[in-house]
Amino acid sequence: MGMTMTQKILAAHAGLDKVEPGQLIMANVDLVLGNDITAPVAIREFKRMGAKRVFDRKKVALVPDHFTPNKDIKSAEQCKIIREFAYDMEIENYFEVGQMGIEHALIPEKGLVVPGDVVIGADSHTCTYGALGAFSTGVGSTDMAAAMATGQAWFKVPEAIKFVLKGRLNKWVSGKDVILHIIGMIGVDGALYQSMEFTGEGLASLSMDDRFTIANMAIEAGAKNGIFEVDDKTLEYVKEHSTKEFKVYKADEDARYSKVFEIDLSSIPLTVAFPHLPENVRTFDEIGDIPIDQVVIGSCTNGRLSDLRIAAQILKGNKVHPRVRTIIIPATQRIYLEAMREGLLEIFIEAGAVVSTPTCGPCLGGHMGILAKGERAVATTNRNFVGRMGHVESEVYLASPAVAAASAITGKISSPEEVVK
Amino acid sequence: MIQGKAIKYGNNVDTDVIIPARYLNTADPKELAAHCMEDLDPEFKNKVQPGDIIVAGTNFGCGSSREHAPIAIKASGISCIIAETFARIFYRNAINIGLPIMECPEAARDIKDGDQVAVDLTTGEITNLTTGRTYKAAPFPQFMQELIKAGGLVEYVKGRMGAQG
């Protein structure tokens, strides 16, 4: 029996010719990642293990992006732990505020992940890099510590669900709608313990940014990883961003899948996930008038340049609703700079939005836009759990940048069709 | 053998309600325990007794990779979690830090809030002492048993690094 993309990558990194679903393996990792919330715990455990040096100072990345620029004294202390560790260990990929961006936008941009890699990160959205044809998954701090010490991690080889994409997306519909649609279809544990493998002729029409968004939210369906078949667009992206050597893995013709879904991209409508689960999706014919207090456009899901361009296209010449605080967060310094050069930031500010330095901030209720009791936000982020963006009685509606920008103008959850004639 | 009172929750208990991100500016287990389950069950910290067992539905621990979630639960005095299914990162984290978890849909559905429950980690046998019913969870694979026996991943790696000299 053949192997899936994920199984092939894992087998190669475990030094095995073949692996079977359910098999426990020890695999070499190409990159170990942590942030200002998870790395301090990992560093504590690393020391408890008696480790003296990291296994490879080029293969560890530390990105203080969650509560930075330091939001309070305790956060500053957490960041200081990482900074000192990074200096002590001479970690090559430590990104200080000023270089820092939201990790899952920054790491691909810096060329640190290439097709065929095995990456673990102490952050659940590490699955983002599957867009590049890498095996990439979130783990906890102790796993991160062990991998920093040994260069290895244990995995249970997953089964896979195959998504065969065909057709093209309609106007305004994006990768965010695709993944919300899929989560709505299979549920928040629909891919539990499994890979989500994306393939098919429809792939060609999806931009790399769309693919990052889709792979990013694989975890929201419970998946171990999301992974895209490598094509010309992937290779072009890799060539532009990285000098690392890489290997492309293709699934075998006779690879076994627990399920196969055929998805016609042209049939996917604009999709919004209602509180308090990402599977709770609605389309505009079911939404009605829902007034909102805040819009957040940013995060590891949707803070990339193409997301900001779409938002600017909709906000240009318009004003945000006077009751809606509109917060726009470019995901990295490079995206910020490019958005400035293209005039996007001017459009946002003229429209009455604020533009923040890169940070995860409001997505997880950290800072930079916390909700009060009873308030509602439309956010391009990835989770709408109870209390995710603030008060336990606040609400988050997950949507694409196009829907978020349109909603900022009208003051209620809106389709871009309502504001762009 | 573990024994305690069941504290029951539903499906999709996420790590944001287990320990909200606003408290993640510390990694101190005691501080984290003080806010454990706060956004789902504000009474949790008052009613939890050392040895108590959380019993929950499907996809327990979904969401963020924060190890602070199982750390907060363990530091609250919870001795074991029984669920229909666990989210995978939470599953790893719990094993890595030495918080016993059991995947047993039947027990998870049957056991009621407040029931006295006993768990034998080596055999995977779960007994509801209140009703007398017994259940069998799937035993851990060999490798995970070794991890658990070593006392978690830290001790396991320590052992391996020691062996390599």
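**Figure 1. Where chain B meets chain A in this predicted model.** On one side of the contact stand 46 residues of chain B, and on the other stand 51 residues of chain A. Together the two chains bury about 3900 Å². Carbon and sulfur atoms give 59% of that area.

**Figure 2. Three residues of chain B at the contact with chain A.** The view picks out B:Asn25, B:Arg88 and B:Arg92. This trio supplies 19% of the area that chain B buries against chain A. No other three residues supply more.

**Figure 3. The fold of chain A.** Follow the chain through 13 helices and 18 strands. The radius of gyration of chain A is 20 Å, close to the 22 Å that the globule rule gives for 421 residues, so chain A is as compact as a globular protein of that length. Along its principal axes, the C-alpha trace spans about 60 × 50 × 40 Å.

**Figure 4. Inside chain A.** Of the 421 residues in chain A, 65% are buried. Contacts here often link distant parts of the sequence: among those between residues at least 6 apart, 76% join residues at least 24 apart.

**Figure 5. The surface and charges of chain A.** The accessible surface of chain A comes to about 14500 Å². Carbon and sulfur atoms hold 49% of this surface. Chain A carries 45 positive side chains and 53 negative ones. The centres of these two sets lie 3 Å apart.

Key: Residues numbered from 1 in each chain as written. Chains lettered and ligands numbered in written order. Predicted model: local features only at pLDDT ≥ 70, side-chain atom pairs only at ≥ 80, totals over all residues. Heavy atoms only, no water. Helix = DSSP H or I, 4+ residues; strand = E, 2+ residues; numbered from the N terminus. Rg over C-alpha atoms; globule rule 2.2 N^0.38 Å. Buried < 20%, exposed > 50% of the residue type's maximum accessible area, 1.4 Å probe, protein only. Contact = heavy atoms within 4.5 Å. Areas by Shrake-Rupley, 256 points an atom, 1.4 Å probe, with all protein chains shown as cover. Lys, Arg positive; Asp, Glu negative; His and termini not counted. Charge placed at Lys NZ, Arg CZ, Asp CG, Glu CD. Buried area = accessible area lost by both parts, 1.4 Å probe.
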